[in-house]
Structures are given as C-alpha cells and as structure tokens.
Amino acid sequence: MNENVARPERATILIVDDTPENLTVLSELLEPHYDVRAANGGARALRVAASAPRPDLILLDVMMPDMDGYAVLGRLKADPATADIPVIFVTALSASEDEQIGLELGAVDYITKPVRPAIVLARVHAHLELKRARDLLRDENAWLEAEVARRNRQRELILMSAGEGIYGTDVAGDIVFINPAAAAMLGYRREELIGRSSHDTFHRHLPDGSPYPRADCPMLACLSGGRGACNVEEVFWRKDGTPLHVEISGQPLTEGGETVGAVVTFRDIGERRRYLAEIERKSNFDELTGLPNRNLLADRLAQGVARCRESGRMLAVLLVNIDRFKSANDALGHAAGDAVLRQAAARIAACLPAGATLARLDGDEFVLACEVDGPEDAARLAQPLVAALAEPCRVDQRQFFLSASVGAALHPRDGDAGEALLRNATAAMRRVKSAGGDGFGFYAEEMNARALDRLDLENELRRAIDAGELVLHYQPQLNLASGAIVGAEALVRWQHPQRGLIPPARFIPLAEESGLIVRLGEWVLRAACAQNRAWQDAGLPPIGVAVNLSARQVVAQDLVQLTRDVLAETGLDPRYLEIELTESMLMADTETFAGTMQGLRQLAVTLSIDDFGTGFSSLSYLRRFSIGRLKIDQSFVRDLTQDPDAAAIAVAIVSLAHGLGLTVIAEGVETEAQLNFLRARRCDEMQGYLFSRPLPAADFESLLRAGRGLAPWADAGAAERSLLLVDEEAQSAAALERLLQRQGHAVLIAGGGGEGLELLAAREVGVVIADARMPDMDGAEFFRRVRDMHPDTVRIMLSGFADPQAVTRAVNAGELFRFVARPWDEQTLVDAVRDAFRHHEMRRAHCGGRRQ
C-alpha cells in the first residue's frame, strides 16, 4: 500500500433532502459517529459531493422539487470524481419498480421513511465497510502493480504489520526502515535513525542507569532465532533522554528459511500506566476531598494498631460528623453540599498533628487516626476540630453555621482492630449527636447495647410493615368558612406488640436512614387511599386525604406509576388524593423532581407544600411543579397572635397563595384566637388540636358520620362600635367601661398587653385604648405590635406619666392616634373616641370594608 495514502478517522456522510425536519433527524442520528454534511436540493448536493472532502456515502431523497433523486444519481455516476460514491435512497416510495429503477441507476440500497434509527445506522455502516473494502482492494492492486523492488516489498511488509510505531532491522539489528510515527515518538528525524543500532539507540541503559546487556535485548533475540517472536513491555529512551514506556512486538523476517531481519512494532503505554495509576488512586482516595477513603483507612488503621502493639502507645480513632449537613445539602443542592464538605475537610486537615491520618467515609463523616499517649491527648485533638468547624462557612454568597459531633475510641481499650475502633467511635459520635451535637465524647461500653437495640428496632420495623403493626391516624382538615371537614392528613403510627405505641419521631428517621421509608411510604399511600375509598363506599361525604412524601421515594422508585397503580387498585378518584412535599425536597434537585411532579399532576393528584416558608423558598417552583396548596407551618401559627413577624408571614403566605390561585391551610391551630385571626385573614383551611388531634380510622369515621365541624364563620364585617380597653387597674377599667357603654360602644376589657393581643386576634375591633404602663409589656411595645398586626385599628393611649416629646414622636410615627392624660376629662375622652371611630370608618371605606 502506498504509504502516502491517508484515510480520515471518521467517514463523511452527505444527506440530501428538501425537508429540514428530515435533515435534522438524520443529522442528529449520524453525527455522533460520522462527519455529516447536508444539502437541501439536488443542485446543492452535486456541488457538495464534488467538493473536498468528498463524502464517503450519500443518503439521497427521491422526491425533491428542483431535481429528483434519480436525476441526481445519474449526474453523480456520470462524473468520474463522484461515480464511486455509494448512494442509498431514502424515500417514502415502497413500490418494487421504484426500487428497481434506483438500483439500475446505481443506488446501493433503499431505506424507507419514516426511518428507523437502527436500520439507518446498520446499513450506513455496512456500505461504508464495503466501500472501504473496495478502496483497500483498489489500493492493494495498485501497490502490487507498482511494487517491484525487494526493498519496497520489505517496507510494505513492515507497514502491514500494524502498530503505532514500526521499524525494521537487518540481521545485525541495524535499522533499515522506520515509520514517521515511531520517529516522532522517539524525537528523531527518520534519516537520523537509518543504519543505527536499534539496541544501542533505543535501550541505551536500564531505568536505574546501569548498562543494558545485549544478551537481554528481546529484539536482538528475535534475530538470533532462539526466541522467535517477542512481546514485552520495555523502556525506550528518547533523543532528549526522557523515558518512553512502550509495549513492543518483534517478529523475525525470513526468506528461504533464513532470518534476514526483523520488524518491530511498539506503542506508547504511558496513558495506560497513568490510567492504572488513576484506578489505584480512586480505589484508595476520596474523589471529592482527595483524602484517603475507607479502603485506605482500613490499611492505615491496621498499621497503626500494629505499631501501637509494639510501642505500647494508644491509637485514637476520632469519627467526625457534620451536624445539620443534610438540611443544608437538601436545601441548596449537592454542588453547595460538596463545597461545604471540601471546606470541612480543609479545616480538619489544618488541625492534624504530624503522622496523623485523615480520611473521609460516606457522606458527611470523617475519621482521624493518630497515635497518642493517653485519653487526654485524644481530647486535645478533638477540641480544635470542633472549634474550627464552628466557624462560619460561606458558599455561593450564603453563610452557614455548622458544628460537629465527634466520637472517640482508643486502642486497645475500646477495640483491638480497626473495624471495632471505627464502630465504637461511631457509637460515641451518635451519643454526642443525640445530646444536641456540637461536642466530643469517648466511647462507653454500654453504648453497644444501644446500637444493638437500634438494630433490633430496624429489623422489627421491616417485619412490622408486613405484620400489620402499622396504623394510620387521621387529623381532620376543616374549611374555615363553612366549618365542615373537607380532608384529613394521614399520619403513620407503630403499634409494637411489646414496646407499645412507638412515636413517629423515633422510627421515621430510622426508616429514612435504612431505606425502609420507600416500603413504608408505599404502605401509607395504599392504606390511606383504600381507607378513603372505604369511607366513600360507606356513604360518608367525600373528602381529600393528604399523604406525606419522602425524597427517597422519588429517587428509589417510579412514584408516578406507583400512584397510578394504587389509585387503580383502590378505586379512589385522584382528586381525593393529596401528596405533600417539603420545600427542601424541591429545592435540592429540581430536575429530578420536575418529571415526577408533572406525572402526578397529569394523574389529577393535588400537590401541596408542607411547612411553607420554613426553608429556602423559591416562588418559581410553585408554578413549575403545579402546586395546588400551601400549608402554613405551625411555628408561624403558634406565635401569630403575639409576634408581628409570625403574623406578617402567615398573612403574606395567604396573600401569595390566593394571588397564585392556590388554597392555603394552617396547621397546628390550638386556640380560638389563632382560629379567628386566620379566618379574618381569609385563610382557607385549618388543622390542629383546637378541633381534633389525629384519630384512628374508626374515630375519624364517627366524626364524619356525626357531621361535626366548626361553627360557620360569621364575618364580623363591621367593627364600628367595638372598642378594646386595656388597663390593669380594675376600678379604672370599670369606670371607663360605663362611660363608653353609655356612648353605645361594645367594650372588651383586657388586663394586660398579651391578653389584649389575643382579643384583637379573635375579634374585629375599631378602637383600642390602653394604659401606658402594663405589667407584661409597656404601652409603647403594645401599640407597636398593634400597629404592625392590626394596622386598621385606631390607637389611643392613657397615662398620667408621659414624656411630651416621646408622645409626639409616637403620634408622628403613626403608633398613636391620640394621647389622653390621666385623670381624664370625660368629654375630652368621649370626643377622642368619637374622632377615632370616624377615622376608623374612613379607613374601612378606603379599604372596601374588608380586613387586610
């Protein structure tokens, strides 16, 4: 074969079709494998086919407006430059006569539309291989005709022996031919090597610098006839003196039974050596932090134990767990979590003494192993670690405050082998974490019993799912306008035959850690749907049932298919099923959840956000995931009658939900004041102990059957004559009550600021009068909260002790409408109250008469 003939690594395919969509489909299919060119008509195709680089194969549409495929094929075959290019027709025509016409004109194959990717790829590959075979045969024939000299035949034999670097020697081992690739790898020009000894040039010396004996040279052994062909790994030396690791294959050349030379092929195996080294690195080091992993740690611990047995010292094994890392990782995503782990690794490494080993185990756990003289040294190791990890951590413009739980085990006291030390250090860490984290503790023997109890509990939970020990309790969800029960949240309970009722806080985290949450969640979904359908079949009014979703369920199973199957099995209408998600789940991996949420919405299942506002909220996901309902977290509900911030957040969530066309439910409602506050702010639904705790299915059914609910909400609508009087002095309050009742006002009385805020949350009040001095909070603080939480309520202060400048500032700041000094003049007070109600009426008229 002519050594100047070069063939591109990738074949070039020309696609000819007047339809852009067909060009796009075929291009996307073929581009991963070939260089693709495209033409949208016959004339364009002829120009592209005649230009460099010429295509190796043409996919040609038959039906085109300017020049059909038959005409294009005829022109291609008439041009010597393109006559040899194989053409495959791609057409919707299926008649055998159409195929016959194309084949007679010179087409090599037919592919019918619509195309099937596997057929296209297979036929393109087959015809390219046929073309390459034809080209090879043509070249070989040309070579056989031109090659007459023995020297040229020998060179062609060497080239045909395959390999990256090729050279030939005579019987003495002197180089008679070398290809350009070999010369380039070794850093020589080809002419520099002709006639030189291959052994002296490439071997020179051994890697340690000592002479390389000629008797050990595998290439010279090929020529001696004693070894025949050889395949070995060697080190060649480049012209600049640098080593080249190669794999060589030597084959003697014979004529008439006598050795006349040898052909040697070699290839650079440096990349392979680096790859093997990388595999070795990955098997022993953590990819994220570069620290030793569990595999290498086991070896280091074994070495440390052996040394300590000889020296009599202790081996301290400290297991470091990052507190609250999972929450940050779930909220901000894995990329930010990885950045936090790298920072944590760097901080721990900065605290290491000489000779210590730091390794990363799974997730957020690190292990420090160090030889010490006693327990005190181990404690001194732990203290700076805890302090370093408590420093603020910044990732993506966010600041985190992490902490660490560190457990320590000592050899030989707490274990005689590395695995035992790790296990006991983990037990010690968990005890620290259960006590609140951010600390350090040694292993204690009795902790093994706790670990065994946890393992037993996990095994019992596996059995409980199948043994019918799990039950669902249902907490009613009520419409705040009608007071009727409109739904229920399904909450799982474990009725253990020996341990009694085990609270969810104990077994749900265990289920999450062990992966049992997937089976548990499936059981809850199926049981809740079946129970809801059973209530409907019993003639009870249809209600929705809400089921909480675990992030692991989305990752570990096809949740959409599971939900579809459960709905089909139970016969429950999808509109009566609600799936609750958490913000952290959605924010952690939106791409993973997007497809699942879309599939659930297509089933007509309602999606809701649990604990809305407690995480890293993003309004975009409310629309992206087609959320139907928001749940106000009980932490906001608990304080909304006393804390302006909690009240503002609750009101904002209601306003946001209604603005987006969503419903909103408040959880954890426990007082009438909380209920009335939410009703007045147009919250849609509630659940909480004020109405009912979670109930067994039978008790919940009785509740439904009895038609129990809240009293319907009668919107006060008008607070024109309602007045709240806040005064700790009973006589003063009674006198004021009589005076104001004579004016036709409905008077509410509170003995302090906290009681006053409760009454304001429960009732619509137009005017509030309060004393400047109260036992639980002063008047200024009380009025500030009233202004923030009930801005339409007009505020009047009574006091016998007041700083005129402070009063003026309060009035100017909008905290007070009027100040009345004690002892008050009755007419002055009556006039002030009258003006206050007029001001309130003007405000209500401006706001449309609705409480905001």
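# A tour from ring to ring and sheet to sheet

Start by selecting F89: with 0% relative accessibility, this residue counts as buried. (Buried means under 20% relative accessible area, exposed means over 50%, and partly exposed is in between, using a 1.4 Å probe and protein chains only.)

Before you click on, a quick word about the model. It is predicted, and local features need pLDDT of at least 70, side-chain atom pairs count only at pLDDT 80 or more, while totals for chains, interfaces and linings use all residues. Residues are numbered from 1 along each chain as its sequence is written, and side-chain values use heavy atoms, with hydrogens and water left out.

**Stop 1: rings**

Keep F89 on screen. The structure holds twelve aromatic pairs. (Rings of Phe, Tyr and Trp, the last by its six-membered ring, pair if their centres lie within 6.5 Å; planes under 30 degrees apart are stacked, over 60 edge-to-face, and the rest tilted.) Now add Y70, which pairs edge-to-face with F89: the centres are 5.5 Å apart and the planes make 85°. The two come from distant parts of the chain, with Y70 in helix α3 (residues 69-78) and F89 in strand β4 (residues 87-91), 19 residues apart. (Helices, H or I with at least four residues, and strands, E with at least two, are DSSP runs numbered from the N terminus.) Y70 is buried, too, at a relative accessible area of 18%.

Next, select W494 and F507. Their ring centres are 5.7 Å apart and the planes stand at 85°, so this pair is edge-to-face. Distant parts of the chain meet here: W494 belongs to strand β19 (residues 485-496) and F507 to helix α18 (residues 504-514), 13 residues apart. W494 is buried at 0% relative accessibility, and F507 is buried at 0% as well.

For a bigger group, pick Y167, F202, F236 and F266, which ring pairs link into a cluster.

Rings can also have a charge over them. (That takes NZ of Lys or CZ of Arg within 6 Å of the ring centre and within 35 degrees of the ring normal.) Show R413 and F442: the charged end of R413 sits over the ring, 5.8 Å from its centre. Then try R681, which lies over the face of F677 at 3.9 Å from the ring centre.

**Stop 2: the sheet with β1**

Select residues 12-16 and 57-61. These are strands β1 and β3, which run parallel and are joined by four bridges. (Two strands pair if DSSP finds at least two bridges between them.) Within this pairing, L14 has I58 in β3 as its bridge partner.

Now bring in the whole open sheet: five strands in the order β2-β1-β3-β4-β5, with parallel pairing. What stands at the edges? β2 (35-39) and β5 (109-112) do, each with a single partner strand, so one side of each has no neighbour in the sheet. From one strand to the next, the twist averages 20°. (Axes are lines fitted to C-alpha atoms, for helices over the stretch in contact, and angles run from 0 to 180 degrees between N-to-C directions.)

Follow β5 out to P114, in the loop between β5 and α5 (117-146). The peptide bond from K113 to P114 is cis, with omega near -5°.

**Stop 3: the sheet with β28**

Jump to another open sheet of five strands, ordered β29-β28-β30-β31-β32 with parallel pairing. Its edges are β29 (746-750) and β32 (818-821); each has a single partner strand, so one side is left without a neighbour in the sheet. Neighbouring strands here turn by 20° against each other on average, direction ignored.

Zoom in on β31 (residues 794-799), which runs parallel to β32 and is joined to it by four bridges. Here M797 stands opposite F819 in β32. Now add helix α29 (residues 730-741): the helix packs on the sheet, touching β28 (722-726), β29, β30 (767-771) and β31, and its direction makes about 165° with that of β29. (Contact means heavy atoms within 4.5 Å.)

P823 is worth a click too, in the loop between β32 and α33 (826-846). A cis peptide bond joins R822 and P823, with omega about -15°.

**Last stop: E371**

Select E371 in strand β13 (residues 365-372). This residue is partly exposed, at 21% relative accessibility. Leaving out residues up to four places away in sequence, E371 touches R307, C308, R313, M314 and L315.

Finally, zoom out to the full protein chain, with its 33 helices and 32 strands. Of its 852 residues, 46% are buried.
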